[in-house]
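Colleague: I would like to go through this model with you. Shall we start with the sheets and then turn to the rings, the cores and the backbone?

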Amino acid sequence: MARVDCSGVRDFGQVRVQWRCPAPGRVCTVDVFWLGQLIMSVPMGSFDPVQSFSVTTENPPLESVAGEFRYGPSEGHLRMTWLQSPEGSWLDVPLCPAGPIPPPPPDPEPDRPVQPVLDTQVDSTSHDLFPYVFLKQWPNIDAGVRADNFIDYGSATTPVANSLYANLVAIDREAPDARSLSISQGLLFIADDPPYTGQRVTRADPLVGLMGELGPLWRGLLARVPCTVDVLVGWFCIQLHCTWAELVANVEAPEFDEQFERAWENLFAQMLVPGYDRHTTELMLRTIIVASLLDALVASLATDDSALPLEESDPLQPLDPPLPDPALWPPARLTERAYATVVLPDEVYPLPPESALIERLVELKPAGGTIRPYAVGALQVVRKCLLRYEPGELANIENVMPGERKVRIQAERQFDREVDEHRQDRRDDARTETEGLAQELAAETNELLYQNTTIDYSVNYGPPQEGVATGYWTFGPSAASGGSETADTPVASESQTNSRTEWARSITQRAARRLEQRISRIRTQERSHQRDWSERHTFDRRHADTPLRGIYRWLNAVYQCWVASLGERLVLELHLPRPAQSYIAAELDLAGIGLTEPQLPAAMGLTNFTQVSTDPKSPMFYAALAAQYGLEQLETPPPETLTVACTVTPEATLLSGTLVLPEGYAAASAQVVLSTTRENVSVAGQVGQVTCTVTNAAPAQKLVMTGQVSSLPWAFAMAPATDSSPDDLTLSIEVRLDWDIAARARWQATFYAGLMAAYRRQLAEYLKAADQTTGRQQPNHLSTRQTIQRELKRGGLRAFVELALQRTGESGRVGRFLPALQDWLERALEWGEMSSSFVVSLEDQAPTMHRLVRGGDAQMTAFLEAASARVLLPVRPGFERSIVLFLASGVIWNGEELLTPAMDVPLAPEATSTSIDLLEDIKRSPERCACERAHPSVGPAWLVLAPTTLTVLQEGNELPTFPRRVIP
């Protein structure tokens, strides 16, 4: 008799192998567990009869498990060819059918008993994370498993004409407006506008016939499975108030297919505008899942000859048609169909992003990080609670002799000084300064002359007629006192001239002194604040006969730690570049440093002088680089091309000469032009090393030169004139010159050297201005960890927002969906359980802002100096499918988790696994949240000593001894 089923479980040390082989010729599934963690779950059949695996723990101590399985589908034989684990190795073990097992290796020493966790309240924000997950590739699922666990759109290959799906497929996905065109089609469908009039499902216009009754049955179906096929068919008949024959007839009717297509179309429209009508979306998903199960059950009747009819006593059915074969539909398969996931067709979903994306990304200052699924595994973290404080190593020793008094004073002074200086100076440059000073000096001189040579007067006169006369009159110095000479005055003597000169010098000097005082006025304000703190320790042995020894010791915090299992989790891996950049900028801002760190030219892509460009469109355009780095003495490049020419009128039959070429240029081409009214003229010669001939028929010749530099000789010969016609022959030579490669390299090297010098000046000024910044020290380890966790969370949120924008491109809606996205991410991800590791920068010469902010401990220093951070972030149970949908499309799913649709997209650009493979692995993790609340201890507890910055004075003067500590 043929074997029907061969399933079983075997343990090989800490490795457990579980297999399910229903019958020969059927797919056999093998699951391998190690330390309670599922490390492999693959189907085996004729398509893939050999499966091997190799798994290594990520954290020390590094351990690995590897093995290989072979399956003969025709005979149904399953064999483990070899297995290697830390406990030993096994070779050629038959699993199905069962065979003898080789003797196992000696049992390892038993683990120490698990220490009970102390009944102490543990601060959830202070624990150290220790993820214990296994990295593995998600295997590509079998076609049969895909058909049972996932529901694809059946009309994807032959869409109905003028349907919503057909119109969506017709849109070019590479077009810039492909997303908006697709959404507009969905809006037309929802608005019940042509060409989709009458297709939308509403409460007033639901699905017709049997299809309209299937959606509400979904929850009852989940409560019914697992069950046998006859029980399930009977339940359907009772819920739908029909017999099995009537149910089969309704499923095979054309109306069923029409309404099935209508349900798919409505789902497509709702997914184009996610969140618009959640009720209709979930109703269509439920309807599609139940309808697919019924359709598969009825379809199996036509291909299965072994189906058996119901008993005649069954009141629900006649003898015809029979029930589906129970061997073909075991309870496990019915359960998988009931929990199946609807897959949106990849010809349409996910929608392509909008083209106008990057502008908004720049405004948001994204992290530029990457997010991808890392593993589905048993997450174990280290919990800790504070037990006590105890003295540790020596910090200081004070020795006091008899009759001696020793005083130790610790003083600290903090002095803050602010200087506010204002200078009034209107000088711009040398020329403007000279002209301005001359004008102001003339104005001051005129004012002094007016004050020294002008008299104001006011005269009253009357009566009989009264009036007032006001005015002024000026007088100049007389000839004797330096006044000017007129025709009515005699010529001044030498002494009079000297007196006049002294008077002018006096007026000019007084004006210059007043001008100097006005332009050099400086206002300085200084504010200072000083804070003093001191601590005095006194050891007085003046009235004692024995010496005294004061021993100061460091204070250690004693923690008890244990590994707690959080159960199965989907873990995401985030790579965040420069995780401390925002934190450092905020610290510098609080310290009053508002400078921008100059960027290293190599970070912009300028690694050598040959990359300097004269093209304005190039990112390495020399003028833009000079402006960015403040290059003051800029030597502009010469023109790319030049032209030199000469024109000769021959007086002899042989002409020759030399064209002098400018330095730094090489001849690229030349053009020889003949101009004459003579007939039958032919001039032959050469320019440089290129020969040519110009005639009346071809008066112009263009020559390609060989890059000659410095000078260019030319020579031409012509036949003598045979008549006495005037000499009207002219020969022109025009040479185009290109900038020489060597000259270009010299200019680029000179500019590059000046640019690097300007960069070093900017960097020196930046570091000098920031030299007063000391940075705020983190007070303790807990505060340090909270700071790092907060910054990593902010970087992770920015990475998720960037991913949503990359997937959708809807940058205009970021202000509206950002709050909802952040709220959803807070609920979907376990931010408190994330772990991180930091990667140092390899750019040793690159100045980084972390030098201006000091870390309080080694952990903070590693965070500040990190070039990137690798973060492992667990997904909260109940959000796995919606997270996978978000990673594929950037769309938030707020509906029921089990109804989350799927999109078949690669998990990463270089990955062969898709989101369907990941979802299948998630479905095979039934124990993912079994330990969510209990958090049982895994293995024994241990003690950890954490040093602090506190010191304590020891009681007594005996030096401490440190016996070997015993870790429980």
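**Sheets, rings and cores**

Modeller: Four strands form an open sheet in the order β5-β6-β7-β8, with antiparallel pairing. Bear in mind that this is a predicted model.

Colleague: Which are the edge strands of that sheet?

Modeller: An edge strand pairs on one side only. That holds for two strands here, β5 (50–56) and β8.

Colleague: What does the twist average from one strand to the next?

Modeller: The sheet in question runs β5-β6-β7-β8. From one strand to the next, its twist averages 10°.

Colleague: Which residue in β7 is the bridge partner of Gly 67?

Modeller: Strand β6 (residues 64–72) pairs with strand β7 (residues 77–85) in the antiparallel sense, over 7 bridges. β5 and β6 are also antiparallel, over 7 bridges. Towards β5, Gly 67 in β6 is the bridge partner of Phe 53. In β7, the partner of Gly 67 is Leu 83.

Colleague: Along β5, which side chains point to one face and are buried?

Modeller: In a regular strand the side chains alternate between the two faces of the sheet. β5 shows this alternation. Val 50, Ser 52, Ser 54 and Thr 56 point to one face and are not buried. The buried ones, on the other face, are Gln 51, Phe 53 and Val 55.

Colleague: In what order do the strands of the parallel open sheet run?

Modeller: This sheet has 3 strands. Its edge strands are β9 (150–151) and β27 (902–903). β9 pairs with strand β10 (residues 341–344) in the parallel sense over 2 bridges, and Phe 150 stands opposite Thr 341 in β10. The order is β9-β10-β27.

Colleague: On to the rings. How many aromatic pairs does a search of the whole structure find?

Modeller: A pair of aromatic rings is described by the distance of the centres and the angle of the planes. The search of the whole structure gives a total of 22.

Colleague: Why is the pair of Phe 12 and Trp 90 called edge-to-face?

Modeller: The ring centres of Phe 12 and Trp 90 are 5.5 Å apart. Edge-to-face applies to planes over 60 degrees apart. The planes of Phe 12 and Trp 90 are at 70°, so the pair is edge-to-face.

Colleague: How many residues apart are Phe 12 and Trp 90?

Modeller: Phe 12 is in strand β1 (residues 6–12) and Trp 90 in strand β8 (residues 88–96). Phe 12 is buried at 1% relative accessibility, and Trp 90 is buried at 4%. The pair links distant parts of the chain, 78 residues apart.

Colleague: And how are the rings of Phe 189 and Tyr 196 arranged?

Modeller: Phe 189 and Tyr 196 are both buried. Their ring centres are 5.5 Å apart. Their planes are at 45°, so the pair is tilted.

Colleague: Which charged residue sits over the ring of Tyr 559?

Modeller: There is an Arg case first: Arg 333 lies over the face of Trp 329, at 4.0 Å from the ring centre. Over Tyr 559, the charged end is 4.4 Å from the ring centre. That end belongs to Lys 384.

Colleague: Which helix gives the most to the largest nonpolar core?

Modeller: The largest nonpolar core has 72 residues. Among those with the most contacts inside it are Trp 244, Trp 264 and Tyr 349. With 12 residues, the top contributor is helix α9 (residues 278–303).

Colleague: Within what arc do the buried residues of α7 fall?

Modeller: Helix α7 (residues 244–252) has Trp 244, Leu 247, Val 248 and Val 251 buried. Seen down the axis, its buried residues line one face of the helix, because they fall within an arc of 100°.

Colleague: Now the backbone. What is omega for the bond that joins Tyr 349 and Pro 350?

Modeller: Pro 350 is in the loop between β10 and α11 (358–364). The bond that joins Tyr 349 to Pro 350 is cis. Its omega is about -5°.

Colleague: Is Asp 192 buried, partly exposed or exposed?

Modeller: Asp 192 lies in the loop between α3 and α4. Its phi is positive, about 60°, although it is not a glycine. With a relative accessible area of 32%, Asp 192 is partly exposed.

How values were computed: Residues are numbered from 1 along each chain as its sequence is written. This is a predicted model: local features need pLDDT of at least 70, side-chain atom pairs count only at pLDDT 80 or more; totals for chains, interfaces and linings use all residues. Side-chain values use heavy atoms; hydrogens and water are left out. Rings of Phe, Tyr and Trp (its six-membered ring) pair if their centres lie within 6.5 Å; planes under 30 degrees apart count as stacked, over 60 as edge-to-face and the rest as tilted. Buried means under 20% relative accessible area, exposed over 50%, partly exposed in between (1.4 Å probe, protein chains only). A charge sits over a ring if NZ of Lys or CZ of Arg is within 6 Å of the ring centre and within 35 degrees of the ring normal. Two strands pair if DSSP finds at least two bridges between them. Axes are lines fitted to C-alpha atoms, for helices over the stretch in contact, and angles run from 0 to 180 degrees between N-to-C directions. A nonpolar core is a set of buried Ala, Val, Leu, Ile, Met, Phe, Trp, Tyr and Cys residues joined through side-chain atoms within 4.5 Å. The arc is that of the directions from the helix axis to the C-beta atoms.
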